[in-house]
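Notebook open, aromatic rings on the list today. I want to see which of them pair up and where they sit.

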Amino acid sequence: MEKENTVLIVDDEKVNRLNLRKILEDSYEIVEAENGQQAIEILEKEPGRISAIVLDLIMPVANGYDFMKVYAKSKTFGTIPVVIATIAGDVETEKACLELGAWDFVGKPYDSSIIQFRIKNVIDRSQHQMSRELRYRSQFSELTAIYNMTTFYYCTRQMLNRYPGEKFAFIRMDIEKFRLVNSFFGREEGNALLKYVAEYLRAQEKQYRHISFGHMNADVFSVCMAYGDIEEIHGFMQKMNRMIAEYPLDFELVITYGIYLVDDMELSVGEMYEYANLASKKCKDMYSLQNYAFFEAKIREEVAKEQTIVNNMRGALNGNEFVLYLQPKYELQTNTMAGAEVLVRWIDPERGMISPGEFIPVFEQNGFIMKLDYYVWEKSCQLLRKWLDEGHNPFPISVNVSRVSLYNPRLAEVLGELVKKYDIPPRLLQLELTESAYTTNQQSTKAIMSKLQKMGFCILMDDFGSGYSSLNVLKDIEVDVLKIDMKFLSNTENEARSENILAAVVRMAKWLNLPIIAEGVERKEQVLFLRSIGCEFVQGYYFAKPMPAEEYEKIAFSNNNHFEETTDETKKEINEIWSSTSQLELLFSNMLQAVAVYEYGERIEVLRVNNAYYDIFGFNDINDIQKSLSAIDEESQKRFLEAFEEAVRTKDVSECEVKRYAGDREIWVLIKLKYMNQVGDKHVIYGCLNDITEQKEIDDELQKYKHAIESSQSSEKTMLIVDDVEINRASLRSIFEERYRILEAENGREALELLEQEKYHVDIILLDLVMPEMDGPQFLTRKHQIPELENVPVVIITADDTTEQQIDTMRMGADEYIVKPFIPEIVIRRIENVLDSSRSLRRVLQESNLE
Amino acid sequence: MSKLFEALDNWGCDVKGAMERFLDDEELYVTCLETVITDDAFEKLGVALEQKQIQAAFDYAHTLKGVFANLGLTPMFLLVEELVEPLRAGNGENLETAYEKLLEANEYLKQILGKTAC
């Protein structure tokens with residue numbers, strides 16, 4: 001009969017071993033070791049096999065005491081019960097045994113029944129303890145001691161079934177910027193906060209009729225509660241808000257709520273969670289105007305729509321359903337064509353034209369945008385080649401480079417290879433990068449851009465002004481052209497203010513010698529205005545809509561590529577404005593840009609200021625200019641004077657940032673000076689002033705954030721990505737690089753080398769299956785032979801989501817799998833699940849030998 | 001077999017207790033007795049005593065004590081105890097006689113086993 005449990009007998013005396021074997025062999029499998037060292041080797045090799053250890057104390061080569069020292073520290077076998085064999089009546093030794101962590105002892109000469117009884121007892125106890133621990137761990141969050149996701153789902157289901165007449169709300173909660181709490185204050189503080197939230201939830205239990213709650217993962221909690229009217233839910237959130245605000249931490253803690261009012265009891269609790277999750281994402285998109293959002297059917301439709309897009313995207317690419325459209329750009333002063341932006345349209349044979357607004361965000365999220373980008377670049381090169389072959393002298397056309405593509409470290413090479421393949425001068429293929437791409441990954445973006453510029457590509461900064469740190473970006477990164485979207489400006493209620501901003505941007509661009517293209521130009525007034533402020537290029541429906549290539553060719557290569565304006569009154573109107581003193585006065589006074597006219601001689605005097613100046617500094621300021629100069633702090637005064645000297649010396653422009661006081665308020669001002677003319681021995685200088693206090697504060701915040709990220713990086717986990725396809729690695733890297741230190745390998749062999757170099761200090765491995773040299777399964781076999789990697793989880797990268805694949809994955813000894821194309825939320829969740837819960841559960845399972 | 005057990009009994013051994021420990025497996029018990037008479041712990045104990053290696057001498061004596069206890073070899077158990085206790089206290093002096101007596105007892109056991117061999 002196969003015996004359930006195995007006992008390891010450790011004794012140097014053969015006679016004693018034979019004796020013990022005789023006593024125990026009817027009930028247990030027996031394994032023998034002659035000394036402590038041998039015992040450790042057996043236990044490390046097969047920790048799950050041994051249920052109890054009978055240990056002699058006096059032995060050569062690692063005696064019982066030596067063994068117990070290792071045992072006490074061992075995570076692999078430190079929970080297996082040890083019974084020490086000692087000579088009967090030796091009380092000192094018996095005490096020492098228990099201090100060492102032994103579970104019990106038996107005296108020599110042996111009594112067979114006592115030995116059998118003691119061994120049975122310790123094995124029962126250890127298994128009971130293990131299963132209790134296992135049960136606890138499988139039901140409760142180890143950290144917060146409230147239900148984990150599985151148990152919460154189960155109990156919620158029970159509750160919903162039990163009270164079918166009640167209305168229920170499913171609420172998902174997470175703490176905004178929780179990672180920063182960990183970064184700023186340390187993980188222990190973060191954990192204490194989570195425990196505090198869990199404790200509060202527990203205290204709420206009695207306040208509600210029917211409620212269930214659980215800790216999902218990281219900083220995410222869920223609650224399902226019965227409610228009478230919606231106010232009850234708001235009341236709950238208000239209480240939670242108060243609770244978190246009272247938490248004694250020098251950090252603004254905010255909880256975000258995603259709420260699904262359960263309208264379909266048939267849904268699984270997991271689906272309810274997903275709905276609440278979608279709602280909470282929506283509220284995050286709203287830029288914190290409110291910290292909660294309810295799930296609406298619309299969201300479900302959006303998800304379904306997105307899924308259709310994902311399902312069809314590959315076929316569409318292969319079937320050439322993505323069609324290039326070109327929108328011409330014009331030079332504004334002459335109205336002549338100057339090039340075009342390449343846009344993409346998805347023409348689905350069944351659904352017709354799908355708006356880029358629908359599919360681009362989805363592609364950006366799942367990384368497919370990289371493929372689409374490349375497709376558009378190649379098609380654009382083919383167009384240019386065709387035009388060159390036909391003997392035309394084409395205008396440059398610009399293509400978009402998405403943020404995700406920027407993560408490809410070979411971007412410059414890829415584009416270089418393309419223009420080489422089609423033999424296109426790089427200047428003809430202009431590259432449009434959105435501003436947000438510059439802000440998120442500045443160092444690498446800067447390096448890639450400068451490489452591309454050296455190769456001859458022209459770089460356009462798209463959507464300039466849409467991010468909040470545009471000025472900083474311009475300071476650090478050299479672009480060739482700025483593009484500003486009129487739509488962005490017209491979003492504000494105050495159009496005059498928008499125009500002022502645009503005028504300021506154009507002026508600034510001129511100071512930096514950057515050409516500027518205004519896009520989204522739709523109305524004649526906009527054209528007049530743009531011309532008046534000296535904007536050089538325009539693009540928009542007013543001039544031409546995006547059009548198929550054939551149509552564009554007709555216009556671009558005809559002699560008549562001028563844009564004909566309807567009337568010539570424009571110039572007259574502008575001249576009137578500028579010639580009329582009273583209107584100019586009005587314009588000056590009412591400009592929203594704060595402006596001052598200075599006279600600079602022996603000292604600086606303010607000749608006049610406009611209304612916006614008062615808005616910044618108050619009305620008293622101008623009355624005493626000397627006072628206003630003394631309001632500038634000492635260091636800033638030096639910069640202020642230097643800027644004036646520079647403007648006078650160069651008879652051109654200069655700028656400086658100064659810190660000063662307006663009343664008792666400390667503000668930062670960016671002053672741009674423009675030399676006007678000389679009157680006698682004095683110089684007239686025109687100054688534009690911008691209150692950049694907020695910008696400075698944001699910069700400071702960003703710096704703080706950056707430091708926090710940098711300091712947390714050292715303690716961050718390490719992830720190894722093993723995949724032969726560079727684009728897959730790049731895509732995963734972009735998802736995880738803020739959370740992990742990333743290592744990359746192209747195949748199993750390279751991964752093993754890298755792991756050895758890193759002394760096996762890696763927390764998780766993402767593994768592709770099909771690779772040259774050494775594939776995924778071969779790598780896994782080798783990994784299992786390396787003890788240091790025993791507890792390092794492996795997540796398989798696969799394109800196959802079937803049950804068979806899941807089973808195969810688990811059979812290979814992997815912990816999880818992720819499916820291509822990568823959906824960031826799912827991938828992140830899976831990886832965190834693996835790291836947070838399944839690993840510890842697995843360990844317990846292995847130790848208890850119940851798997 | 002009974003002759004052997006009788007001889008051991010007469011010598012003062014606890015054969016009955018030993019048989020309980022060996023679950024009445026007489027053959028295994030005899031194998032163990034035959035193993036113990038050639039145990040190199042006897043010799044190593046002698047060397048350790050001679051070289052005044054107190055800890056090592058204690059270990060060997062202690063090991064033998066446990067074995068004798070399990071095999072019910074009471075006369076030998078009592079003899080080795082005379083070595084174990086002084087050694088435990090760190091005293092290795094004047095133990096030659098006790099050790100000689102232990103060797104003699106082992107010789108006696110060999111004789112019993114030889115004479116009564118089946």
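I started with the aromatic pairs and got 36 over all chains. Note to self: this is a predicted model.

I pulled up one of them, Tyr208(A) with Phe236(A): the pair is edge-to-face, with 5.9 Å centre to centre and 75° between the planes. What does this pair tie together? I found Tyr208(A) in the loop between helix H8 (187-204) and strand S7 (211-217) of chain A, and Phe236(A) in helix H9 (residues 230-245), so the contact links parts that are 28 residues apart in sequence.

Buried or exposed, I wondered about Tyr208(A)? Its relative accessible area is 11%, and because buried means under 20%, Tyr208(A) is buried. Phe236(A) has 1% relative accessibility and counts as buried too.

Next I looked at Tyr598(A) and Phe640(A), another edge-to-face pair, at 6.3 Å centre to centre and 80° between the planes. Tyr598(A) belongs to strand S21 (residues 594-600) and Phe640(A) to helix H27 (residues 634-650), both in chain A, so this pair ties together parts that are 42 residues apart in sequence. I checked burial here as well: Tyr598(A) and Phe640(A) are both buried.

Then I went through the clusters. One aromatic cluster is made of Phe322(A), Trp346(A), Phe359(A), Phe363(A), Phe368(A) and Tyr375(A).

Which residue lies over the face of Trp346(A), a member of that cluster? I got Arg351(A), at 5.8 Å from the ring centre. I also logged Arg345(A), whose charged end sits over the ring of Tyr325(A), 5.5 Å from the centre of that ring.

Key
Residues numbered from 1 in each chain as written. Chains lettered and ligands numbered in written order. Predicted model: local features only at pLDDT ≥ 70, side-chain atom pairs only at ≥ 80, totals over all residues. Heavy atoms only, no water. Phe/Tyr/Trp six-rings, centres within 6.5 Å; stacked < 30°, edge-to-face > 60°. Helix = DSSP H or I, 4+ residues; strand = E, 2+ residues; numbered from the N terminus. Buried < 20%, exposed > 50% of the residue type's maximum accessible area, 1.4 Å probe, protein only. Lys NZ or Arg CZ within 6 Å of the ring centre and 35° of its normal.
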